[in-house]
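This report walks through one structure step by step, with a first-year student in mind. Please keep the sequence and the 3D view at hand while reading.

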Amino acid sequence: MPTTGNPVLNLSVFAVFVLITLYIVYRASSRNVTASDYYAAGSSFTGAQNGVALSGDFLSAASFLGISGGIAAHGYDGFLYSVGWVVAWLVGLLLIAEGLRNTGRFTVGDVLAFRMRQRPVRAAAANATLVISFFYMIAQMAGAGGLIALLLNVSSKWGQALLIAVVGMVMVLYVLVGGMKGTTWVQIIKAVLLLLCVTLMSVFLLGKFGFSLSAIMQQATENNKLGEAVLDPGAKYGFSAMSKLDFVSLALSLVLGIASLPHVLMRFYTVPNASEARRSVVWATWTMVIFYLCTLVIGFGAMALVGTETIAAAPGGENSAAPLLAFRIGGAVLLGVVSAVAFATILAVVAGLTLAASASFAHDVYANVIKRGNAEPRKEIRVARLTAVVVGILSIIGGIAANGQNVAFLVSLALALAASANLSTILYTIFWRRFNTTGTLWSIYGGLGSCLTLIIFSPVMSGAKTSIFPDIDFAWFPLGNPGLVSIPFSFLCGFLGTVFSKQEPENAAKAAEMEVRAIAGLGTKS
Amino acid sequence: MTKAMWSPGETQHEHQELRGFASFEDPAALSYVDSNGKPNFVLIQQTDEFRTLRRRLTTFIFPMTVLFLSSYLTFVLLSAYAKDLVSTKVIGVINLGILLGLGQFVVSILITLGYSRYAKRRLDPQRQLLAEKTGVEE
């Protein structure tokens, strides 16, 4: 087992980061009182700031650790993730960002329930948000477990569980103290640090190999037991008809799911208007392109310099490729820095998720479903904070249970859920006048339900050596990622639900308002 | 509908005084806003300015969505079903598949910049025009 730096140094770099960000969060949020401040940072961020924060939401543990690890282990098949991640921003830019900013205030539920019957639609939207955020959160927490295992050389499951719990508690603290403004600042700081980090590592690696990507990949093939075949598709997904379909299904979930994630959608509310929302996606796209070009270099660099087998044998497995590479090229100090940034990444993303989940519960379920729109704002925020604590505890438990799974893969399940439940519904409600409450409910529950069912009966859960329950077999759905079936199914459900039911008279009037607001941005100021 | 639900009617109050002056000059502008200061969205939806805006928006975003999705799916499907083709080495050990993947990055940047430019030139001015005609602002 390779030595992995100095645990004390790693921990102190991380502790310094947490202290600095907590201080900033505390300073940013002294006036954190109204619902708009807590959920949407008072819509006070600029497009550029929010763009960096948006990419921060995606430059997560899954991207940095999972994708560079995926490339280091599987070459070409890992690269597919990066491509999907970048292209997906176009869905956000062209179809979602501006319409969402113009018609909602705090949550996805605001947009989906805009012209529908409030209570059932908000309840459905909140259910979807909670399920999606929970899956995504487990992935991030599992990433934290792997990283801790590597950095502190903690190999006992109990030790890792304890550290996951600490990460969870710090994250809840960010949300409680800072609300959306605090989490956005943490997100911005960490996105900048992470970008600097990966860019410098990539430039260094390229320099070492005479600025030839080909040379890096050439040496990489020598340290992978597949040899040159690792540069071709199929290293992970193989060549059976089913595995090819699984690959396509994953690709579809990636491209359609990212811009449908509740915590990403919620980010569009932190800017003052639609043109700033557009600008933020443009910023995010640039940052993502740079970042994923770098993960390509870092992934193959790790394969070349550390070797796939060493990575697989390290505590934390695939997810530890980037930290191991950092240690190989920059010693204990660089490892400390990279790990602190990776930790910060997990903290920031999980804080964003917690905020999205708690906002959805407090604003949609508590204020609009239970209190029927008559909730006292102060009480609503108190409920939101309480929910944040509950969500934090659940994610700690989930993270401990999922510790050791490849985080990019777990994220892909969350993306399939998001694309199935949210994308179809948002597109219909913005662009289809006839769409109604029944259609909304059908597409949310149809997408969410079919996706969850297919995950439960897929090889991810049971029947294969890599399953969560390897010893029993109740799988009958052959694909690991259900997106290929569940995404079109939710579009179909939304369509059928609408054509087989009448449009409510109130909906017709509100539909005009929604269209004018979404497209022209008139009458949107709150 | 419940009282505390957020309705844009309430939000228009602040703007009313600001608009009062212009409304005297042009009484037609008043008809897009009712006596409570709530914009009449059905009327706005039927103006030529709005229809033009909607046409300009949809004729850009939907074809572009089809374009980038097909380009992405081409890459994905070739990777899955035309292994030999994408494994063709082009520069050193870098094969066609990796280049196609990087090509997706280029497509994303081009469409992003293209939309940004289109929105500034063709959509935002039209939105401004509609806001001036109807007297309803953001």
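## The elements of chain B

Read from the N terminus on, the elements of chain B follow the order α-α-α-α-α-α-β-β-α, which amounts to seven helices and two strands. The model is a predicted one, and the values below should be read with that in mind.

Chain B has 138 residues, of which 43% count as buried. Its accessible surface comes to about 7400 Å², and 62% of that area belongs to carbon and sulfur atoms. Among the contacts in chain B with a separation of 6 or more, 57% are accounted for by residues that lie 24 or more positions apart.

## Where a helix of chain A meets a helix of chain B

Two packed helices are described by the angle between their axes and by the distance between those axes. Helix H5 of chain A (residues 76-103) and helix H7 of chain B (residues 96-134) pack at an angle of about 10 degrees, and their axes are 10 Å apart. Because angles under 35 degrees count as roughly parallel, H5(A) and H7(B) are described as roughly parallel to each other.

On the side of H5(A), the residues making the contact include A:Tyr76, A:Phe79, A:Val83, A:Leu90 and A:Glu98, while H7(B) contributes, among others, B:Gly97, B:Ile98, B:Phe105, B:Tyr115 and B:Arg127. Sorted by class, this contact of H5(A) with H7(B) has 13 nonpolar, six polar and two charged residues.

## The largest nonpolar core

The largest nonpolar core holds 219 residues, and the members that touch the most others are A:Trp85, A:Ile96, A:Tyr174 and A:Phe300. Helix H14 of chain A (residues 321-370) gives the most to this core, with 26 residues.

Which residues does A:Ile96 contact, once its neighbours within four places in sequence are left aside? They are A:Val91, A:Ala259, A:Leu265, A:Leu423, A:Ile426 and A:Leu427.

## A closer look at A:Leu423

One of these partners of A:Ile96 is A:Leu423, which has its place in helix H16 of chain A (residues 407-431). A:Leu423 has a relative accessible area of 3% and is therefore buried, since the cut-off for buried is under 20%.

Not counting residues up to four places away in sequence, A:Leu423 touches A:Val91, A:Ile96, A:Leu256, A:Ser260, A:Ala418 and A:Phe491. A:Ser260, one of these residues, is 163 residues from A:Leu423 in sequence, yet the two are 5.5 Å apart in space, C-alpha to C-alpha.

Terms used
Residues numbered from 1 in each chain as written. Chains lettered and ligands numbered in written order. Predicted model: local features only at pLDDT ≥ 70, side-chain atom pairs only at ≥ 80, totals over all residues. Heavy atoms only, no water. Axes fitted to C-alpha atoms, helices over the stretch in contact; angles between N-to-C directions. Helix = DSSP H or I, 4+ residues; strand = E, 2+ residues; numbered from the N terminus. Parallel < 35°, antiparallel > 145°, perpendicular 65-115°, else oblique. Contact = heavy atoms within 4.5 Å. Nonpolar A, V, L, I, M, F, W, Y, C, P; charged D, E, K, R; others polar. Buried < 20%, exposed > 50% of the residue type's maximum accessible area, 1.4 Å probe, protein only. Areas by Shrake-Rupley, 256 points an atom, 1.4 Å probe, with all protein chains shown as cover. Core = buried A, V, L, I, M, F, W, Y, C linked by side-chain atoms within 4.5 Å.
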